[in-house]
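Visitor: I am new to this structure and would love a close look at one part of it. Could you take me slowly around the ligand and the strands and helices of that domain, and then show me what the rest of the chain looks like?

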Amino acid sequence: MTTSKRSRLDRFLSVKLGINRGDVRLMLAKKQVMVDGVAATDIQQQINVFTHVALVNQAGGDSFEVLQDNQSQYLMMNKPTGVVSATTDEQHKTVMDLLPEVKVSDLHIAGRLDLNSSGLLLLTNDGGWSRALSEPEAGVSKCYRVRLEKPLTEDYIQAFADGMYFSYEDITTRPVALSIVSDYVAELRLVEGRYHQIKRMFGRFRNPVLALHRYAIGGLLLDNELAPGKYRYLTKQEVKTIKRSD
Ligand code: URA
């Protein structure tokens with residue numbers, strides 16, 4: 001996984017170039033360091049692995065020596081059922097097998113879906129971005145539509161909102177907003193993703209989940225032009241709907 005830890009520009013340059021902080025200060029004063037295309041002025045400027053850093057060629061002219069040029073990638077997929085959210089699997093096809101044109105070795109999955117679940121799956125090489133999606137504290141909601149074997153009752157709404165104690169992890173689930181769409185169909189909004197969380201919560205009512213489909217994560221909606229198994233890159237605007245955490 002590509003990390004996205006932030007570091008200070010002076011630290012980055014002194015490690016990369018083997019120089020001390022005084023030399024870094026001097027380079028900045030001479031406007032020799034370009035950060036995302038702009039001459040850097042502050043040695044304390046924060047950068048991450050996707051910040052473009054280049055040195056102006058000292059011999060003059062317009063050339064640059066690029067010190068860091070990692071491209072961040074963000075994809076959405078409409079995950080079909082029967083495909084595993086993993087990089088490798090001995091038994092089943094994985095979501096990575098559905099990305100033949102993409103260099104998948106850098107990518108990781110930002111919020112898995114079970115083998116038999118479908119819908120919005122995000123993949124990225126940006127660890128800060130995917131962390132922000134998953135940390136319950138960040139409050140990014142995940143929306144699901146669920147079809148059940150037995151009819152729903154109003155009791156479910158309160159029980160999901162109250163949270164349920166999972167002894168295995170020793171946690172109580174955060175409030176889940178459940179709305180009843182029809183006798184056998186509910187929509188749910190969660191801010192966390194515990195192992196098989198939704199199935200386990202309906203398990204308390206002894207009501208098996210027959211189908212589970214994720215249609216939104218935060219402000220990102222599954223593109224309804226994407227057939228199951230298809231993917232596309234996120235737009236810059238879509239990426240920004242999730243605030244990176246570094
Ligand atoms: N909860 C589940 O039980 N399964 C999923 O795939 C996602 C949430």
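Guide: Here is a walk that begins with the division of the chain, goes on to the ligand and ends in the other domain.

Please keep in mind that this is a predicted model. The protein chain is split into two parts: domain 1 covers 7-68, and domain 2 covers 74-240. Between the C-alpha centres of domain 1 and domain 2 there is a distance of 41 Å. A pair of residues gives another sense of scale: Gly22 and Leu148 are 126 residues apart along the chain, and their C-alpha atoms are separated by 65 Å.

Let us go to the ligand. The residues around the ligand are Leu113, Asp114, Ser117, Tyr144, His196, Gln197, Ile198, Lys199 and Leu212. Three of these names deserve a second look, beginning with Asp114. A polar side-chain atom of Asp114 lies 2.7 Å from a nitrogen atom of the ligand. With Gln197, the contact is made by the backbone: one of its polar backbone atoms is 3.5 Å from an oxygen atom of the ligand. Lys199 also takes part through a polar backbone atom, which is 3.1 Å from an oxygen atom of the ligand.

Now for the strands. Strand E10 is made up of residues 142-148. Five of its seven residues are buried, so E10 is largely enclosed by the rest of the structure. What does E10 pair with? One partner is E14, which E10 meets in the antiparallel sense over six bridges. Within that pairing, Arg147 has Val185 in E14 as its bridge partner. Another partner is strand E15 (residues 209-217), which runs antiparallel to E10 and is joined to it by seven bridges. Here you can look for Lys142, which stands opposite Ile217 in E15. As a general point, the strands of a sheet pair through backbone hydrogen bonds, either parallel or antiparallel.

E14 leads us on to E13. Strand E13 (residues 177-182) and strand E14 (residues 185-190) are paired in the antiparallel sense, with five bridges. Together E13 and E14 form a hairpin, and two residues lie between them. To find a matched pair in this hairpin, start from Leu178: its bridge partner in E14 is Leu188.

A helix comes next. Helix H3 spans residues 127-134, and six of its eight residues are buried, so H3 is largely enclosed by the rest of the structure. The buried ones are Gly127, Gly128, Trp129, Ser130, Ala132 and Leu133. At the N-terminal end of H3, Asp126 acts as a cap, with a side-chain oxygen 3.2 Å from the backbone nitrogen of Gly128.

Finally, let us cross to the other domain. There you can trace an open sheet of four strands in the order E3-E2-E5-E6, with antiparallel pairing. Strand E3 (38-39) and strand E6 (64-68) are at the edges and have a single partner strand each, so one side of each is left without a neighbour in the sheet. Helix H1 (residues 9-17) packs on this sheet and touches E2, E5 and E6, and its direction makes about 105 degrees with that of E6. Strand E2 (residues 33-35) and strand E5 (residues 53-56) are antiparallel and share three bridges. In that pairing, Met34 has Ala54 in E5 as its bridge partner.

Three single residues complete the walk. Val56 lies in strand E5. With 24% relative accessibility, Val56 counts as partly exposed. Leaving aside neighbours within four places in sequence, Val56 is in contact with Lys31, Gln32, Met34, Ser63 and Phe64. The C-alpha atoms of Val56 and Met27 are separated by 9.7 Å, although these residues are 29 residues apart along the chain. Thr51 sits in the loop between strand E4 (46-47) and E5. Is Thr51 buried or exposed? Its relative accessible area is 8%, and Thr51 is buried because that value is under the 20% limit. Not counting residues up to four places away in sequence, Thr51 touches Val35, Asp36 and Gln68. Gly22, which we met at the start, belongs to helix H2 (residues 21-29), and at 44% relative accessibility Gly22 counts as partly exposed.

Conventions
Residues numbered from 1 in each chain as written. Predicted model: local features only at pLDDT ≥ 70, side-chain atom pairs only at ≥ 80, totals over all residues. Heavy atoms only, no water. Domains from an automatic or database assignment. Pairing = 2+ DSSP bridges. Contact = heavy atoms within 4.5 Å. Axes fitted to C-alpha atoms, helices over the stretch in contact; angles between N-to-C directions. Buried < 20%, exposed > 50% of the residue type's maximum accessible area, 1.4 Å probe, protein only. Polar contact = N/O pair within 3.5 Å; in protein donor to acceptor, adjacent residues only side chain to side chain. Near = heavy atom within 4 Å.
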